[in-house]
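Take a look at the chain below. This report visits a few residues, then the cores, then a pocket.

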Amino acid sequence: RIPPSMSPPTPEPVAWAGAAGYGMICHGITAPAVNDALMTAFRLAGGDGARVPVGRFVYVSTSDETARAEVWPTVLALTDRLRSIGIHRRGGIVTGDLLDPEAFFREMMIVGGPETCAEAIRQLSLRTGSRYLNALAGFFGYLPFDLMLRSITLLATEVRPRLHL
């Protein structure tokens, strides 16, 4: 049997994948509500949701305030680019309201100091059932390299040790 198309993402193809023993990935540019529906369909069909990587844009800094200030220009550039290419019109990926920079920051990203990021990752794991985070650390190339390198280092050295999933 050939799997159904994945464009736009809908519960039917992921249910097929779960029932057939395949995996899936929840991409970080997909709206949380869409990912939640996909994960539910996948698990109900017999898929192992704990093994599904869930993507989120991740930025870690020394404090919540510093993180927001450092990443905000990237949020503005990225949401502007996503709007300009019309990603919200492709259906089933991300809605136009989530491309508002504040909404994108709140719903599509994990940003803050180490403890804030660790807690957000814990909550994401509890909500989705996944034990894998696909950290989109480069923000599709919009985050300056030095900030990305420092964020990844903090993710590995300060956030990861706080996680006991």
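S130 sits in the loop that joins α5 to β3 (132-136). The model is predicted. Is S130 buried or exposed? Its relative accessible area is 4%, and buried means under 20%, so S130 counts as buried. S130 is in contact with M39, G49, A50, V52, P53, V54 and S125, leaving out residues up to four places away in sequence. Its side chain also makes two polar contacts, set out here.

| Side chain | Partner atom | Distance |
|---|---|---|
| S130 | backbone oxygen of V52 | 2.4 Å |
| S130 | backbone nitrogen of Y132 | 3.0 Å |

Now turn to another loop. I29 lies between α1 (11-20) and α2 (32-44). I29 has 8% relative accessibility, so this residue is buried as well. Which residues does I29 touch, apart from neighbours within four places in sequence? They are F57, L82, I87, I93, V94, F104, M108 and F140. Sequence distance and spatial distance can be set side by side here. I29 and M109 are 80 residues apart along the chain, yet their C-alpha atoms are 9.6 Å apart in space.

Next come the nonpolar cores. In soluble globular proteins, nonpolar side chains tend to be buried together. The largest nonpolar core here has 24 residues. Within this core, F57, Y59, V71, F104, M109 and F139 touch the most other members. Four elements each give two or more residues: β1 (53-60), α3 (64-84), α4 (101-108) and β2 (109-112). The largest share comes from α3, with 5 residues.

Y59 deserves a second look. Its contacts, not counting residues up to four places away in sequence, are A67, E70, V71, I110, V111, G112, C117, F139, L143, L147, R150 and S151. There is also a second, separate core of 22 residues. Among its members are M24, A41, A118 and L163.

Last, the second largest pocket. How much space lies in it? The volume is about 210 Å³. The lining has 13 residues, and R106, E107, M109, I110 and A120 are the closest to the pocket's centre. M109 thus appears again: this residue is also one of those with the most contacts to other members in the largest core. Two or more lining residues come from each of α4, β2 and α5 (114-128). Of these, α5 gives the most, with 5 residues. By type, the lining holds 7 nonpolar, 2 polar and 4 charged residues.

Note on methods: Residues numbered from 1 in each chain as written. Predicted model: local features only at pLDDT ≥ 70, side-chain atom pairs only at ≥ 80, totals over all residues. Heavy atoms only, no water. Core = buried A, V, L, I, M, F, W, Y, C linked by side-chain atoms within 4.5 Å. Buried < 20%, exposed > 50% of the residue type's maximum accessible area, 1.4 Å probe, protein only. Contact = heavy atoms within 4.5 Å. 1 Å grid on protein atoms, 1.4 Å probe; cavity = no way out; pocket = protein on both sides within 12 Å on 5 of 7 lines; lining within 4 Å. Points joined across faces, edges and corners; volume = space filled by probe spheres on them. Nonpolar A, V, L, I, M, F, W, Y, C, P; charged D, E, K, R; others polar. Polar contact = N/O pair within 3.5 Å; in protein donor to acceptor, adjacent residues only side chain to side chain.
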